[in-house]
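Notebook open, viewer running. I'm going through this one fold first, then symmetry, then the nucleic acid, and jotting down what I look up.

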Number of protein chains: 2
Amino acid sequence: MGKLSTRDRIIEAAYTLFSEKGYHGTSTREIAKAASVSEVTLFRNFGSKELLFEKVLKNKSIIPDLLAATKDVEQYNLNDVLLSLAKRFYYTMVSKKKFIMITFSEINQYSEKIIDIYEKFITQIDELFVKILLKYKDDNTNSDLKTIAMAFRGMIFDLFLTNEIFLRKNIEKTKINNILSSYVKIILNSINK
Amino acid sequence: MGKLSTRDRIIEAAYTLFSEKGYHGTSTREIAKAASVSEVTLFRNFGSKELLFEKVLKNKSIIPDLLAATKDVEQYNLNDVLLSLAKRFYYTMVSKKKFIMITFSEINQYSEKIIDIYEKFITQIDELFVKILLKYKDDNTNSDLKTIAMAFRGMIFDLFLTNEIFLRKNIEKTKINNILSSYVKIILNSINK
DNA sequence: GATTAAAGTAAGTGGTTACTTACTTTATGG
DNA sequence: CCATAAAGTAAGTAACCACTTACTTTAATC
């Protein structure tokens, strides 16, 4: 990895510390130390702790990653498409765990910004799933695809929360993939009789 | 409602404030003011802010409510049993929203205690669902009931998170019940071919 | 009416926090 | 070599924090 600018080192340090100890639990002194800069440099660069926090949120947002991860899914059957998307969705969240931790800790303090993030997050995933289910749907079923999409996203999101945030069990990747595969089958059973 | 003791007034005030502003974001002065007691009384009763926090967690835990809510489900078909349980699960979480908010905010700060809570929470619900699915399962299917139970809990938990914590949309109860009903059908499709 | 327990008031402790000011060092590039 | 920009150092601000001490008030009980 290349050397980071002073600014980026501060953002990285703040990102990690905010995710581990929350906004109020982290002091600017700690952040400066972790970034190997003086506290004065931190304030010269960002003005205040709050503005730094906002830059961290912007800089580390999961939304661009999510957009990238759900592009270009080209497979021939619904099972493969859904499984592929489920994995991408899941592992994108894993790679953005710190960001999700921050939004959890600060959902009340910064509710506007964070609600906005989750709104994008949820509608984007749901719409994508609906679009895909529509393509493959049996014509003689009238299942509510939006509800099925919500259910699918919910299972996967909960799997992530349970393993990565709440219980931290470090489950093997193959086991995760098997569960995701089962979840796909549950969905498939719902749209094809 | 009857008058609360000094101790209980402090716990109530702390419960609300911790859920709104987090542990570090709430001062003992604020808590005392909200409880209409002097700060000295707070410290005389609980010793320290941290001990008060622990009492709040203990006093307001969702676990006993969850145990109570999932007892005595007597219905004649699986659809009704699952729907009834899904509703109880969902609305218990709604009634304990503040508690869940606190665990979210402080999951890193008090990880041991909170992981313990979620471990109980998750295993309890999953085991209950598995037990019920087993009773009604078609003998000729070999679906993995534990995975199906996880999926079911996941959908419902995510529905709660999305509506109550992340988006706060105040959706009508009938709409929630319809979604829960659809979720039950998704599960039923998975265990009966 | 005296005793006792639970509350309040007032004042203050030492520590930490976000943030500032003023001055100095370091490194870069013309 | 000089100008400039970005960094550091040192010291300090005012506010706030959790928590304490010492003393007083209130209210219920015997």
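**Fold of chain A.** I read along the sequence of chain A and got the pattern α-α-α-α-α-α-α-α-α-α. That is ten helices and zero strands. Note to self: this is a predicted model.

I checked the overall extent next. Along the principal axes, the C-alpha atoms of chain A fill a box of roughly 65 × 35 × 30 Å. I also looked up burial: of the 193 residues in chain A, 53% are buried. Then I looked at contacts in chain A with a separation of 6 or more, and 71% of them come from residues 24 or more positions apart.

**Domains.** How is chain A divided? I found domain 1 covering 6-59 and domain 2 covering 63-191. Taken over C-alpha atoms, the centres of these two domains of chain A are 30 Å apart. I looked for contacts across the divide as well: twelve residues of domain 1 of chain A touch ten residues of domain 2 of chain A.

**Helix α7 of chain A.** This helix runs over residues 97-105, and I wanted to know how many of its residues are buried. Seven of the nine are, so α7(A) is largely enclosed by the rest of the structure. I wrote down the buried ones: Phe99(A), Ile100(A), Met101(A), Ile102(A), Thr103(A), Phe104(A) and Ser105(A). Ser105(A) comes up again below, under symmetry.

**Symmetry.** I laid chain A on chain B. The RMSD is 0.1 Å, after a turn of 180° and a shift of 0.0 Å along the axis. The two copies are therefore related as by a two-fold rotation axis. Which C-alpha of chain A is nearest the axis? I get Ser105(A), at 2.0 Å from the axis. I also compared the contact residues: 100% of those of chain A recur in chain B, so the same surface serves both copies.

**DNA strand C.** I counted 17 residues around this strand, and the ones that come nearest are Thr28(A), Lys49(A), Thr6(B), Thr41(B) and Arg44(B). Of the atoms of DNA strand C that come within 4 Å of the protein, sugar and phosphate account for 54%.

I then went through individual atom pairs:
- Thr28(A) has a backbone N or O atom 3.0 Å from a phosphate oxygen of DNA strand C.
- Lys49(A) puts a polar backbone atom 2.6 Å from a phosphate oxygen of DNA strand C.
- Arg44(B) reaches a base: a side-chain N or O atom lies 2.7 Å from a base nitrogen of DNA strand C.

Which elements give two or more residues to the surface near DNA strand C? I found α2 (28-34) and α3 (39-46) of chain A, plus α3 (39-46) of chain B. Of these, α3(B) gives the most, with four residues. I sorted the surface by class and got four nonpolar, nine polar and four charged residues.

**DNA strand D.** Here I counted 16 residues around the strand, with Thr6(A), Thr41(A), Arg44(A), Phe43(B) and Lys49(B) coming nearest. Of the strand's atoms within 4 Å of the protein, 56% belong to sugar or phosphate, and the rest belong to bases.

Atom pairs again:
- Thr41(A) has a side-chain N or O atom 2.2 Å from a phosphate oxygen of DNA strand D.
- Thr26(B) has a backbone N or O atom 3.4 Å from a phosphate oxygen of DNA strand D.
- Thr28(B) has a side-chain N or O atom 3.0 Å from a phosphate oxygen of DNA strand D.

The elements that give two or more residues to this surface are α3 of chain A and α3 of chain B. I note that α3(A) gives the most, with four residues. By class, the surface near DNA strand D has four nonpolar, nine polar and three charged residues.

**Asn163(B).** Last stop: I looked up this residue in helix α9 (residues 145-166) of chain B. Is Asn163(B) buried or exposed? The relative accessible area is 8%, which is under the 20% cut-off, so I call Asn163(B) buried. The side chain of Asn163(B) makes a polar contact with the side chain of Tyr90(B), at 3.4 Å. Leaving aside neighbours within four places in sequence, I list Tyr90(B), Arg168(B), Lys169(B), Ile171(B) and Ile176(B) as the residues in contact with Asn163(B).

Methods: Residues are numbered from 1 along each chain as its sequence is written. Chains are lettered from A and ligands numbered from 1 in the order in which they are written. This is a predicted model: local features need pLDDT of at least 70, side-chain atom pairs count only at pLDDT 80 or more; totals for chains, interfaces and linings use all residues. Side-chain values use heavy atoms; hydrogens and water are left out. Buried means under 20% relative accessible area, exposed over 50%, partly exposed in between (1.4 Å probe, protein chains only). A polar contact is a pair of N or O atoms within 3.5 Å; within protein, one must be able to donate a hydrogen and the other to accept it, and residues adjacent in sequence count only if both atoms are side-chain atoms. Contact means heavy atoms within 4.5 Å. A residue is near a molecule or strand if one of its heavy atoms lies within 4 Å of it. Ala, Val, Leu, Ile, Met, Phe, Trp, Tyr, Cys and Pro count as nonpolar, Asp, Glu, Lys and Arg as charged, and the others, Gly among them, as polar. Copies are superposed by least squares on the C-alpha atoms of residues with pLDDT of at least 70 in both. Domain bounds come from an automatic or database domain assignment.
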